[in-house]
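Thank you all for coming; today I would like to talk through the aromatic rings of one model and the charged groups around them. Please have a look at it first.

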Amino acid sequence: MSLKEQKTAELSDEELIHRFQDGDIYAFDAIVNRYKDQLLNFAYRFLNNPEEAEDVVQETFLRIFRNKHAYREIAKFSTWVYTIAGNLAKTELRKRKRRKYLYLSDMGYDDKEYEIVDPSANTEKEVESVFQEKIIQRAIDELPPRFRQVILLVEIQELPYEEVSKIMRVPLGTVKSRVNRARQKLQAKLSDIMEREKKNQTARS
Amino acid sequence: MNLCDRMKKNAFLYHEKALEPSMAARVQEHLDQCETCRNHFQQALLLKKALKELPRRRTSPDFNAVLRARLRTETYRKPLFSFPAGVGVWQVPAYAGLALIFVALGAVLQRNWNPSVMPSLTDRSAVVQTASQPAAGAAPFAAGRASIRRAPVKNYVDPGTVANMSQWAQQSKKRTQTTLARYDEDSTWQMSRTPNTDRSLVREVRQVRF
Ligand SMILES: [Zn+2]
């Protein structure tokens with residue numbers, strides 16, 4: 001770890017963006033390295049497509065770079081970042097829908113046949129976890145965007161309800177009831193998918 | 001909605017201990033008697049756990065390099081956005097408007113003072129050209145008009161304003177370049193310092209990745 005990295009590691013997000021606003025480009029560097037992976041995970045789970053997810057995160061940082069002065073310390077920096085990334089992910093989803101509508105032959109990602117077994121996963125436990133990840137991701141894909149967003153922010157990114165309420169611009173109570181409904185929907189979809197899988201398996205054997 | 005359905009709605013809140021005590025007691029009582037609901041509640045718990053344990057996806061190794069290339073492209077391609085801090089993009093139309101007012105004022109003054117040489121349409125566009133060129137942005141638009149200019153026309157824009165604006169633009173560009181150069185020398189970005197910073201570089205970097 002370089003001296004500069006050591007210095008920035010101790011700074012809060014808000015201190016970093018403040019420095020970047022003052023022209024310190026290393027602070028931007030630190031912001032990127034601090035946020036890129038968690039944003040990627042969020043965008044990936046939202047879109048279930050690695051290229052689109054990476055584009056969304058790239059665009060998020062470009063916007064932060066361009067609009068650094070738009071950030072005011074009345075909000076947490078992470079709230080601002082997740083708001084930008086969330087909006088971009090939703091836009092990406094709309095674009096994809098439009099593409100699907102225009103080109104009916106173009107198979108969407110959610111229509112893709114899922115490979116249940118990853119050849120790189122060897123042990124039984126790994127196979128099981130890959131299987132589980134794909135099934136869960138498929139269920140997430142079937143959620144409407146606002147349910148998808150809330151469940152990712154709360155259950156996967158593990159942000160506090162108060163912050164999710166600010167990111168989604170809905171009252172705290174709405175976040176709580178929405179996340180509860182999203183979980184129920186997810187659970188229902190999962191058991192549907194499991195049922196279908198079971199039927200397919202018995203039909204094949 | 002039967003009793004079981006009503007109970008199932010509480011599964012996650014029950015696990016989070018977010019239910020009213022009286023409701024929690026009723027749920028507990030029901031669970032003791034109903035195997036279907038017990039299974040459902042168990043499933044909810046597993047789902048919560050599975051969500052937490054989903055593998056964390058990470059950015060590709062060249063993420064920073066791609067971002068770097070994009071930022072460079074942007075910095076060089078959009079001089080309009082590189083006004084120094086404190087001069088927002090929103091102010092540019094204001095300055096352009098100010099320039100136009102001077103131009104109009106100039107035209108009016110010229111007509112009033114010397115009605116016999118009132119400028120023709122082409123002359124007036126030439127005024128716009130000289131006025132807006134240093135103010136950034138309007139130059140390509142005005143360049144076409146410049147070719148049809150016939151007589152040299154006096155510049156009615158306050159020279160101080162124009163000088164300030166182009167100075168700002170230059171200083172800002174210089175500052176950005178210096179910062180970027182310094183940044184390249186000592187930074188965690190894994191990017192070569194080639195001046196080739198256009199779209200093709202972004203494409204190159206992308207091709208490596210996919
Ligand atoms: Zn029951």
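Before I name any ring, let me fix one term: a residue is called buried if its relative accessible area is under 20%, with protein chains only taken into account. What we have here is a predicted model, and with that cut-off in mind, A:Trp80, at 17% relative accessibility, counts as buried, while A:Tyr71 is buried as well because its value is 3%.

Turning to the ring pairs themselves, a search of the whole structure over all chains gives 11 aromatic pairs. One of them joins A:Phe28 and A:Phe65 in an edge-to-face arrangement, with 5.1 Å centre to centre and 75 degrees between the planes. Since A:Phe28 belongs to helix 3 (residues 25–47) of chain A and A:Phe65 to helix 4 (residues 50–66) of chain A, this pair ties together parts that lie 37 residues apart in sequence. Both A:Phe28 and A:Phe65 are buried.

The two residues I began with, A:Tyr71 and A:Trp80, also form an aromatic pair, this one tilted, at 5.4 Å centre to centre and with 45 degrees between the planes. They belong to a cluster in which ring pairs link A:Tyr35, A:Tyr71, A:Phe77 and A:Trp80.

Finally, which charged residues lie over rings? A:Lys68 is found over the face of A:Phe65, 6.0 Å from the ring centre, and that is the A:Phe65 whose ring pairs with A:Phe28. In addition, A:Arg148 places its charged end over the ring of A:Phe46, at 5.5 Å from the centre of that ring.

How values were computed:
Residues numbered from 1 in each chain as written. Chains lettered and ligands numbered in written order. Predicted model: local features only at pLDDT ≥ 70, side-chain atom pairs only at ≥ 80, totals over all residues. Heavy atoms only, no water. Phe/Tyr/Trp six-rings, centres within 6.5 Å; stacked < 30°, edge-to-face > 60°. Helix = DSSP H or I, 4+ residues; strand = E, 2+ residues; numbered from the N terminus. Buried < 20%, exposed > 50% of the residue type's maximum accessible area, 1.4 Å probe, protein only. Lys NZ or Arg CZ within 6 Å of the ring centre and 35° of its normal.
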